[in-house]
Amino acid sequence: MDLYANSPHNPMTAMRSNNWPMLLAFLAVFSACGGEQPQQDQLQVENSEDSALVADRMKKTKNIFYNIPSPMETASLLKKAGASYNGKILNDVKNVDKYTAASKQALNLGIYGADLSYASVFKHTQESMFYTSCSKKLADRLGVSSVFNDSTLEAMERSQNDRDALLDIISETYWNVDGYLKENGRDNISALMIAGGWVEGLYIATQVARTNDSPELRQRIAEQHYSLKDLLDLIASYEVDEPALNGVKSDLEAIAALFSGEEATTAKETTVSTEGGVAVVGGGNAQSTLTDDQLTAIRDKVAAIRNTYIN
Amino acid sequence: MRNVRTPFASTLLAGALFLVAAGASAQCRSFAKNKCVPELAPYKFNESFNAAQLAPGEEAEVNLTFFSGQEYRVMVCSHPILGEVNWKLVDANNKIIFESLADEPKHHFDLKAASTMQMRVVVWVPTKGKSDMVHVGCVAIMVGFKE
């Protein structure tokens, strides 16, 4: 039996098999994601010698949060911008067992999480379940199974025909994993997961733009420089010499350089008016856009970086 | 005996404090999940965990990106032990777009972004006169968006 017959990388099969019992497909891919857990490397964690450094960092950043648009919000923006769904560009579920180092597991938890959000927002439920299984497997290896467990999978399975409920469960799970990691002093894992999700979101957007290019989609891609700055600030808040974080920081800085010019625009004065009882906030920065060359450069750079994360 | 007991007691105390802090953090997530997230409806929760234990006099802030054409709900949710908190939404030039003060609190602000922009939510917990008791409670800054 080909365990990958229903993989998202066989879209024809996935499309045709909508009537198959969900559980069968789900079990098949979960088996595909199964196997012995390989011995994993450890990401640097704080020890007693580092505690003063960590305490100092917490003191400085204790009350400053870095809000990076979630994979779900990014996928939703892409859909509104007229993007289409292309399951072929997503990370192969077969890759999940490659990730033995904690840093790779964290990055790919973010990547599979973004793929899961993309598939779910575009209502590709079966693929959503595949990516959920892979995400859960990585969450288990990272020790966050207490907030992402079998009951989460069961709840998703029960909600497979209710898109809104499914999106709510995915959002809550992502939030629980992020919150759990931060509460347990594993902010570096959380940052890698967020960075992986952000890179995958930009990768999806730039790949979709190959066939679905539109001014709206280009604008959404150009606007990613805002969240990129916040993401770099988040990573810069870790004053630890962590090779994985340092590598991701360099990667993100290389992407940021390609957005040059976007951040230099002068903001107009912010205005507030009311429309149907809702405040409309206007002004601010000029509309972002990208030249063809910029879009190509960003697409190629993000694809190359993402390739190092998933392989 | 005293020399032996002191490090032991210190370790025990440090351990107890760590457990209390970890427990308080978990309670913060639980509080935000149970009390704050439901109030975001009908907006979709943006999944970011922006919550911390704050004491009177302390501040928290977060930068937020609002995308053009999108509708958002920005909400600040504080544990009753702290009472009401002050918060404001300011633009890149620190111009106040919305403000809620503890004596006339508003827990959320709904907005539509006409253009993509970054704004900042600043929360500060008011101090309440002289008291030896310092209450620490969870404050969550939540954002919801309309799909």
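How many bridges join strand β1 of chain A to β3(B)? Three bridges do so, with the two strands running parallel and the chain A strand spanning residues 64-66. Keep in mind throughout that this is a predicted model.

## Where the two chains meet

Let's stay with that pairing across the chains for a moment. A:Ile64 sits opposite B:Glu61 of β3(B), and A:Phe65 faces B:Val62 in β3(B).

Stepping back, the contact draws 38 residues from chain A and 40 residues from chain B. On the chain B side, the elements giving two or more residues are α1 (2-40), β1 (44-45), β2 (51-54), β3 (59-66), β7 (108-113), β8 (117-124) and β9 (137-145). Of these, β3(B) supplies the largest share, seven residues. By residue type, the side of chain B that touches chain A divides into 19 nonpolar, nine polar and 12 charged residues.

## How the strands of chain B pair

Besides its link to chain A, β3(B) pairs with β8(B) in the antiparallel sense, over eight bridges. Within that pairing, B:Asn63 stands opposite B:Arg120 in β8(B).

A good strand to follow next is β9(B), which has three pairings to look at. With strand β4 of chain B (residues 71-78), β9(B) forms seven bridges in the antiparallel sense; here B:Met75 has B:Met142 as its bridge partner. With β2(B), the pairing is antiparallel over four bridges, and B:Leu54 is matched with B:Gly137. With β1(B), two bridges hold an antiparallel arrangement, in which B:Phe45 is partnered by B:Gly144.

## A covered strand

Are the residues of β9(B) buried or exposed? Nine of its nine residues are buried. One set, made up of B:Gly137, B:Val139, B:Ile141, B:Val143 and B:Phe145, points one way from the strand, while B:Cys138, B:Ala140, B:Met142 and B:Gly144 point the other way, and both sets are buried.

B:Ile141 is a handy residue to click on. Setting aside its neighbours within four places in sequence, B:Ile141 is in contact with A:Phe65 from the other chain, and with B:Asn50, B:Ala60, B:Val62, B:Val76, B:Val121 and B:Val123 from chain B. Two names there are already familiar: A:Phe65 and B:Val62 are the residues that stand opposite each other where A:Phe65 meets β3(B).

## The nonpolar core

In soluble globular proteins, nonpolar side chains tend to be buried together. In this model, the largest nonpolar core has 115 residues, and those touching the most other members are A:Leu192, A:Ala195, B:Val139, B:Ala140 and B:Ile141. B:Val139, B:Ala140 and B:Ile141 belong to β9(B), with B:Val139 and B:Ile141 pointing one way and B:Ala140 the other.

Which element gives the most to this core? Helix α9 of chain A (residues 187-212) does, with 14 residues.

## Chain A as a whole

Chain A is built with 13 helices and three strands. Of its 311 residues, 48% count as buried. Looking at contacts in chain A between residues at least 6 apart in sequence, 77% join residues at least 24 apart.

## Backbone details in chain B

A few loop residues of chain B deserve a look if you are checking torsions. The peptide bond from B:Ala41 to B:Pro42 is cis, with omega near 10 degrees. B:Pro42 lies in the loop between α1 and β1 of chain B.

Two residues that are not glycine have a positive phi. B:Glu47 has a phi of about 75 degrees and is found in the loop between β1 and β2 of chain B. B:Asn94 has a phi of about 65 degrees and is placed in the loop between β5 (86-90) and β6 (96-100) of chain B.

Why does B:Glu47 count as buried and B:Asn94 as exposed? B:Glu47 is buried because 26 other C-beta atoms lie within 10 Å, where the cut-off for buried is 20 or more. B:Asn94 is exposed because 9 other C-beta atoms lie within 10 Å, and the cut-off for exposed is 12 or fewer.

Definitions and conventions:
Residues numbered from 1 in each chain as written. Chains lettered and ligands numbered in written order. Predicted model: local features only at pLDDT ≥ 70, side-chain atom pairs only at ≥ 80, totals over all residues. Contact = placed C-beta atoms within 7 Å. Nonpolar A, V, L, I, M, F, W, Y, C, P; charged D, E, K, R; others polar. Pairing = 2+ DSSP bridges. Core = buried A, V, L, I, M, F, W, Y, C linked by C-beta atoms within 7 Å.
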